[in-house]
Amino acid sequence: MSETKDVEANQQDLEAKTKVPCPYWLEMIPYALTFLLLTYISWKYIDVDRIEWRYPLFCYIFAACCIVQWCYLLWERWYFYGPNGFYEIYWYCHMGLLLTAAAIYLHLPSLLGQSMCLTLFPHASFWIDLIIYPFFGRSVIVSAGWLVDKSYPLHEKMSSMHHFWYFPCIIFVMQGQKPISLVCYFLSIVQFVILNICSHYMTPVSYIDKNGNYRLLNICVAHECVDFLKPIPPFKWAIGKPYWFHLLIATVCYNFPVNYLAYFIIISVQRFMNSFVM
């Protein structure tokens, strides 16, 4: 009897985690509106005086690569797994690909800066995880493990290759430009909150793909904290609490300090790079 109850409980838990809150295509509406809103704010109120890129040809090629990478991600997830493509484009770095392209083509450094503040540490965690992997024999931060996991197909690894070239290219793009303004930091928080809320209410925790396989999503970590932070206060205090408390902890205890540290690092790197510009 106990075993039967356990099976039923596990089945109910699986159904709850894989329940799709809304049609996959519906989330494209707030996604597009968020993109347009952030772009409009930079265009209309912040980057009124358009800048010129020091290496325009490289910048435009890089922007095109960002768009191609975003399109490949959407196609790859949709073709191989079903609606996952529409769910996973909500990840901050995936939105960052589109915002980066718009920032370059429209000459909006603040739009580029906010994406950098929001995604620097997630990308840094990828590099750190990859570097320490040989010492532990496993993915400690659970950020780059897919790269060395043989069970991950090549087409899925290709969809995440921007983790390699995104920030190195941005550093080159920003050479010769004024350090990004503090408003980029505040906009990165706005972007964090908007995408987290949309992800929580419009994407499932997990998904049964078109092949019948279970796939963990937890887009933008909007449903639960990442595993390596769960035992650590104050993040562990949000476990089992209402979503608003989870978002509050994530914003105040992670987003505020981490994005500001990212902002400080970015402007420091910019000043260092600009010291070589004649």
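Here is a short conversation about a predicted model of a protein chain.

Visitor: What should I know before we start?
Guide: This is a predicted model, in which local features need pLDDT of at least 70 and side-chain atom pairs count only at pLDDT 80 or more, while totals for chains, interfaces and linings use all residues. Residues are numbered from 1 along each chain as its sequence is written, and side-chain values use heavy atoms, leaving out hydrogens and water.

Visitor: How many helices and strands does the protein chain have?
Guide: There are eleven helices and two strands. Both are DSSP runs numbered from the N terminus: H or I over at least four residues for helices, E over at least two for strands. From the N terminus on, the order is α-α-α-α-α-α-α-α-α-α-β-β-α.

Visitor: Why is the protein chain called as compact as a globular protein of its length?
Guide: The globule rule is 2.2 Å times the number of residues to the power 0.38, and the radius of gyration is taken over C-alpha atoms. For 278 residues the rule gives 19 Å, and the chain's radius of gyration, 20 Å, is close to that, so the description fits.

Visitor: How do you know how α2 and α5 pack?
Guide: Two packed helices are described by the angle between their axes and the distance between the axes. Axes are lines fitted to C-alpha atoms, for helices over the stretch in contact, with angles from 0 to 180 degrees between N-to-C directions. Helix α2 (residues 28–46) and helix α5 (residues 92–106) pack at about 35 degrees, with axes 11 Å apart.

Visitor: Which residues of α2 and α5 meet?
Guide: Contact means heavy atoms within 4.5 Å. In α2, Tyr31, Thr34, Phe35, Leu38, Thr39 and Trp43 meet His94, Met95, Leu98, Leu99, Ala102 and Leu106 of α5. These residues divide into nine nonpolar, three polar and no charged. Ala, Val, Leu, Ile, Met, Phe, Trp, Tyr, Cys and Pro count as nonpolar, Asp, Glu, Lys and Arg as charged, and the others, Gly among them, as polar.

Visitor: Why does Cys220 count as buried or exposed?
Guide: Buried means under 20% relative accessible area, exposed over 50%, and partly exposed in between (1.4 Å probe, protein chains only). Cys220 has 2% relative accessibility, so Cys220 counts as buried. Val221, at 24%, therefore counts as partly exposed.

Visitor: What makes the backbone of Cys220 and Val221 notable?
Guide: Most residues other than glycine have a negative phi, and most peptide bonds are trans. Cys220 has a positive phi of about 55 degrees, and phi of Val221 is near 50 degrees. Cys220 lies in the loop between β2 and α11, and Val221 lies in the loop between β2 and α11 too.

Visitor: What kind of peptide bond joins Pro233 and Pro234?
Guide: That bond is cis, with omega about 0 degrees.
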